[in-house]
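Hi,

Here is the structure I promised to pass on. Have a look at it first, and then read on for what turned up.

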Amino acid sequence: MTMTLTQAVITVAAVVLGTMTTRFLPFILFPEGRKTPAYIQYLGKVLPFAVIGLLVVYCLKDVSFLTAPFGIPELLGIAVTAALHLWKRNMLISIAGGTVIYMVLIQVI
Amino acid sequence: MNVKRKALRAAFPHTIPIMAGFLFLGIAYGIFMQSKGFFFIWPMLMSMTIFAGSMEFVTVSLLASAFNPLYAYLLTLMVNARHLFYGISMLDTFRGTGRKKPYLIFGMCDESFSILCSTKAPEGVDHGWFCFFVTLLNQCYWVAGATIGGLIGGFLPFELEGIDFVMTALFVVIFLEQWLSQKHHLPAWVGLGASALCLVFFRSDQFILPAMACILILLTVLRKPISRKLEGGETA
């Protein structure tokens with residue numbers, strides 16, 4: 001842990017507050033089922049797809065592709081995860097398989 | 001009491017598929033936090049209070065970086081923006097649930113949402129209590145998983161180095177699931193492309209705010225073509 005306990009608690013509190021904002025806001029803004037603006041509805045449809053792309057990149061943000069091992073363990077881990085998922089379509093198998101391969105790659109090699 | 005027990009009995013079968021997934025991911029999350037030096041109390045309390053899986057994983061890396069609560073708040077808004085739309089679809093469902101309503105709103109994760117928007121309480125079962133138990137059971141699975149993970153993490157007979165990858169794998173799987181569910185992939189490309197580009201131009205600990213701004217701007221600019229494709233995709 002790099003933060004002090006107080007800083008860590010404040011950070012978690014900010015995340016809780018952010019999550020609660022996203023969950024409670026609709027019920028505050030549209031108390032009796034007022035019509036949702038079309039732009040907001042549009043964002044609701046497309047934002048989830050874009051945000052997951054962002055989170056995938058976020059996970060790779062500290063990988064250096066220009067110095068050894070050139071992100072090869074990460075790319076192989078992702079390839080195994082994706083291949084397992086396309087094959088079995090089972091979230092647990094895909095995540096466990098990809099993670100185990102990655103852990104073996106960085107611990108053994 | 002009978003009303004509650006009936007609702008619990010009706011809700012439980014719907015949550016069984018979620019139980020396996022939540023216990024597994026929750027345990028992975030607890031182990032992950034434990035490997036980062038957090039006592040099991042942390043994953044337990046975080047899974048209880050945040051109760052938004054993706055964001056809990058991201059919070060672990062927030063805790064390992066520089067202290068910036070505003071950034072944490074904004075990032076949470078973006079990552080959890082989808083809840084806004086769950087809320088909008090649940091406005092009617094949660095109407096008239098009385099004192100249970102704040103908890104239903106608080107506990108609305110993706111999985112509870114997917115059950116509640118596709119399932120109605122059976123005949124003779126109280127709707128409010130049915131929603132309540134679906135939400136509560138799912139949260140119990142998740143908190144139990146995270147706590148177990150945090151407890152056993154230190155005693156596993158193998159090195160945990162690389163367990164962080166469970167977060168990457170989770171997002172890759174969600175990305176694939178979303179990709180396969182859609183005919184048109186422009187929003188997914190916007191997310192990947194804008195983020196990758198911002199990562200090239202900004203430092204890795206600063207790229208996410210510009211990336212979020214770029215995504216919002218691009219999605220706004222591209223609204224017409226994307227909306228047209230979404231409509232086309234639905235009728236096709």
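Please keep in mind that this is a predicted model. Let me begin with the empty space inside: the structure holds one cavity of 30 Å³ or more, and about 90 Å³ of space lies in the largest cavity.

Which residues line the largest cavity? From chain A comes A:F49, and from chain B come B:Q178, B:W179, B:Q182, B:H184, B:H185, B:L186, B:P187, B:A188, B:I226, B:K229 and B:L230. Two or more lining residues are given by each of α9 (165–181), α10 (186–201) and α12 (223–235) of chain B. Sorted by class, the lining has seven nonpolar residues, four polar and one charged.

Now to the interface. Chain A brings 72 residues into contact with 94 residues of chain B. The size of an interface is often given as the accessible area lost when the parts come together. Between chain A and chain B, that buried area is about 7,300 Å², with carbon and sulfur atoms giving 78% of it.

As for polar links, one salt bridge is counted between the two chains. The salt bridge pairs A:R89 with B:E177, and the closest N and O atoms are 2.8 Å apart. There are also 15 residue pairs in polar contact across the interface, both residues being at pLDDT 80 or more. On the side of chain A that touches chain B, the elements giving two or more residues are α1 (5–29), α2 (38–59), α3 (72–88) and α4 (91–108) of chain A. That side is made up of 47 nonpolar, 18 polar and seven charged residues.

Happy to talk it over whenever suits you.

Best wishes

Key
Residues numbered from 1 in each chain as written. Chains lettered and ligands numbered in written order. Predicted model: local features only at pLDDT ≥ 70, side-chain atom pairs only at ≥ 80, totals over all residues. Heavy atoms only, no water. Contact = heavy atoms within 4.5 Å. Buried area = accessible area lost by both parts, 1.4 Å probe. Salt bridge = Lys/Arg side-chain N within 4 Å of Asp/Glu carboxyl O. Polar contact = N/O pair within 3.5 Å; in protein donor to acceptor, adjacent residues only side chain to side chain. Helix = DSSP H or I, 4+ residues; strand = E, 2+ residues; numbered from the N terminus. Nonpolar A, V, L, I, M, F, W, Y, C, P; charged D, E, K, R; others polar. 1 Å grid on protein atoms, 1.4 Å probe; cavity = no way out; pocket = protein on both sides within 12 Å on 5 of 7 lines; lining within 4 Å. Points joined across faces, edges and corners; volume = space filled by probe spheres on them.
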